[in-house]
Amino acid sequence: RQLADGELCYDSLIVAAGAVNHYFGHDDWQGRAPGLKSVEEATEIRSRILLAFEAAERETEPDLHRAWLTFAIVGAGPTGVELAGAIAEIANHTLKHDFRAIRPSEAKILLIEGGDRVLPAYKPDLSARAAADLAEIGVTVRTGALVQQIEEGALVLRIGDQYERVDARTVIWAAGIRAN
């Protein structure tokens, strides 16, 4: 085939445009809940996590202190499960001795899933094992919880007919992707 800068010979051509985060009609949530589809997003997430611990160290108001130490990951597929585990590792081990006013292990890590189990694309026994492993490292799994709103410092969940506000200064999106 003839291209602008020369000729390219091939038997099959596969065009892979990649994927981007899918906010299910709520693209305005992107600024408050970054996803993990690029190196830049990974750097942003890492920065938000570390800055949250530093802000909690300086915060004297108890409700804001708790919100800074609450990390909400939306979506319990492979990316969400991995992120929840990584944050637990940071809180329980990496930053264990780095602060005077807080104990990073007091962080509340929420993994929020709209479906009935973590890793819904996997076999139920693997999902159950992943949920048990997450609980063991301090991750709270919330299944059947649909995000209704993400605002500055909080998100609103719908669980059945009930609504719940979760104060969390760090929200990370792992709930969906779509073609680029």
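Me: Which exposed residues does the face of H4 turned away from its buried side carry?

Reply: In this predicted model, the face of H4 turned away from its buried side carries Asp125, Arg129, Ala135 and Glu136, which are exposed.

Me: And which residues of H4 are the buried ones, and what makes them line one face of the helix?

Reply: The buried residues of H4 are Ser127, Ala130 and Leu134. Looking down the axis of H4, one finds these buried residues within an arc of 65°, and therefore they line one face of the helix. As a general point, an α-helix has 3.6 residues a turn, so residues three or four places apart point the same way.

Me: What do the buried residues of H4 pack against?

Reply: They pack against helix H3 (78-94), against E5 and against strand E6 (139-143).

Me: How do you know that the span of H4 agrees with what is expected of its 13 residues?

Reply: At 1.5 Å a residue, H4 should span 18 Å, and because its end C-alpha atoms are 18 Å apart, the two values agree. Just after H4 comes Gly138, which takes a positive phi of about 100°.

Me: Why is Ile109 called buried?

Reply: A residue counts as buried when its relative accessible area is under 20%, and Ile109, which is found in strand E5, has a relative accessibility of 2%, so it is called buried. Not counting residues up to four places away in sequence, Ile109 touches Phe71, Ile73, Ala84, Ile87, Ala88, Gly138, Val139 and Thr140. The C-alpha atoms of Ile109 and Thr70 are separated by 5.9 Å, although these two residues are 39 residues apart along the chain.

Me: Why is Leu119 called buried, and where is it placed?

Reply: Leu119 sits in the loop between strand E5 (108-113) and helix H4 (124-136). Its relative accessible area is 13%, and because the limit for a buried residue is under 20%, Leu119 is counted as buried. Leu119 also has a positive phi of about 45°, although it is not a glycine.

Me: What makes Phe24 partly exposed, and in which loop does Phe24 lie?

Reply: Phe24 lies in the loop between strand E3 (19-21) and helix H1 (39-58). Partly exposed is the class between buried, under 20%, and exposed, over 50%; Phe24 has 48% relative accessibility, and therefore counts as partly exposed. The phi of Phe24 is near 50°, which is a positive value in a residue other than glycine.

Technical notes
Residues numbered from 1 in each chain as written. Predicted model: local features only at pLDDT ≥ 70, side-chain atom pairs only at ≥ 80, totals over all residues. Heavy atoms only, no water. Helix = DSSP H or I, 4+ residues; strand = E, 2+ residues; numbered from the N terminus. Buried < 20%, exposed > 50% of the residue type's maximum accessible area, 1.4 Å probe, protein only. Expected span 1.5 Å × (residues − 1). Arc of directions from axis to C-beta. Contact = heavy atoms within 4.5 Å.
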